[in-house]
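Me: I would like a close look at one part of this structure. Please take a single helix, go through its residues, and then place it in the rest of the chain.

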Amino acid sequence: VSVCRSVRMTGRAHEAGLETLEAFRGQGYAAAVVAGWAAEVRKAGCLPLYSTSWDNVASQSVARKMALTYYGG
């Protein structure tokens with residue numbers, strides 16, 4: 001119901017791409033898959049990055065739940 005993957009990668013960092021089916025939003029699935037993705041990125045020796053647009057309140061909520069600093073435009 002939710003997937004997180006690396007959408008931009010360098011040898012030092014990966015940026016998250018997150019999708020959750022609308023019927024399952026707000027139930028913690030997004031935060032869970034981002035956490036798993038970030039753990040794997042760290043195991044690979046890279047920095048996990050989370051970006052969002054300024055008007056994407058739902059995405060910002062995921063970042064807050066995980067105590068992530070988000071960036072975007």
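Reply: Here is helix 2, followed by the chain around it.

The model is a predicted one. Start with the overall layout. The secondary structure amounts to two helices and three strands. Along the sequence the order is β-β-α-β-α. The radius of gyration is 12 Å, close to the 11 Å that the globule rule gives for 73 residues, so the chain is as compact as a globular protein of that length. Along the principal axes, the C-alpha atoms fill a box of roughly 35 × 25 × 20 Å.

Now the helix itself. Helix 2 covers residues 57–65. Which of its residues are buried? They are S59, Q60, V62 and A63. Viewed down the axis of helix 2, these buried residues fall within an arc of 150°, so they line one face of the helix. The spacing has a simple background. An α-helix has 3.6 residues a turn, so residues three or four places apart point the same way.

The other side of helix 2 reads differently in the model: V57, A58 and K65 are exposed there. Buried here means under 20% relative accessible area, and exposed means over 50%.

What do the buried residues of helix 2 pack against? Their partners are strand 2 (13–20) and helix 1 (29–43). After helix 2 comes A67, which has a positive phi, near 55°.

Take the first partner, strand 2. Two salt bridges involve its stretch of the chain. In one, E19 pairs with R5, and the closest N and O atoms are 2.9 Å apart. E19 lies in strand 2 and R5 in strand 1, so the pair ties together parts that are 14 residues apart in sequence. E19 is partly exposed, at 47% relative accessibility. R5 is also partly exposed, at 36%. In the other, E15 pairs with R8, with 3.0 Å between the closest N and O atoms. The burial of these two partners contrasts. E15 has 10% relative accessibility and counts as buried, whereas R8 is exposed at 53%.

The second partner is helix 1. V41 lies in this helix. V41 is buried, with a relative accessible area of 4%. What does V41 touch, leaving aside its neighbours within four places in sequence? Its contacts are S6, H14, C46, L47 and P48. One of these, H14, falls within the 13–20 range of strand 2. V41 and R12 are 29 residues apart along the chain, and their C-alpha atoms are separated by 9.7 Å.

Helix 1 also holds a salt bridge of its own. The side chains of K43 and E40 meet at 3.0 Å, N to O. Both residues lie in helix 1, three residues apart, about one turn of the helix. K43 is exposed, at 65% relative accessibility. E40 is partly exposed, at 48%. The full count of salt bridges comes to three.

Next, the loops. F24 sits in the loop between strand 2 and helix 1, the two elements that helix 2 packs against. F24 is partly exposed, at 30% relative accessibility. F24 helps make a nonpolar surface patch of about 350 Å², together with V1, L21 and Y29.

G11 lies in the loop between strand 1 (2–9) and strand 2. G11 is exposed, with a relative accessible area of 68%. How far is G11 from S61, a residue within the span of helix 2? Their C-alpha atoms are separated by 28 Å, with their positions 50 residues apart along the chain.

Last, the chain totals. Of the 73 residues, 30% count as buried. Among contacts with a separation of 6 or more, 37% join residues 24 or more positions apart. The accessible surface comes to about 4800 Å², and 56% of that belongs to carbon and sulfur atoms.

To return to helix 2: S59, Q60, V62 and A63 are buried and pack against strand 2 and helix 1, while V57, A58 and K65 are exposed on the other side.

Notes. Residues are numbered from 1 along each chain as its sequence is written. This is a predicted model: local features need pLDDT of at least 70, side-chain atom pairs count only at pLDDT 80 or more; totals for chains, interfaces and linings use all residues. Side-chain values use heavy atoms; hydrogens and water are left out. Buried means under 20% relative accessible area, exposed over 50%, partly exposed in between (1.4 Å probe, protein chains only). Helices (H or I, at least four residues) and strands (E, at least two) are DSSP runs, numbered from the N terminus. The arc is that of the directions from the helix axis to the C-beta atoms. Contact means heavy atoms within 4.5 Å. Patches are made of residues with over 30% relative accessible area and no salt bridge: like charges are joined within 9 Å, nonpolar side chains (Val, Leu, Ile, Met, Phe, Trp, Tyr) within 5 Å. Accessible areas come from the Shrake-Rupley method with a 1.4 Å probe; for residues, only the protein chains shown count as cover. A salt bridge is a side-chain nitrogen of Lys or Arg within 4 Å of a carboxyl oxygen of Asp or Glu. The radius of gyration is taken over C-alpha atoms; the globule rule is 2.2 Å times the number of residues to the power 0.38.
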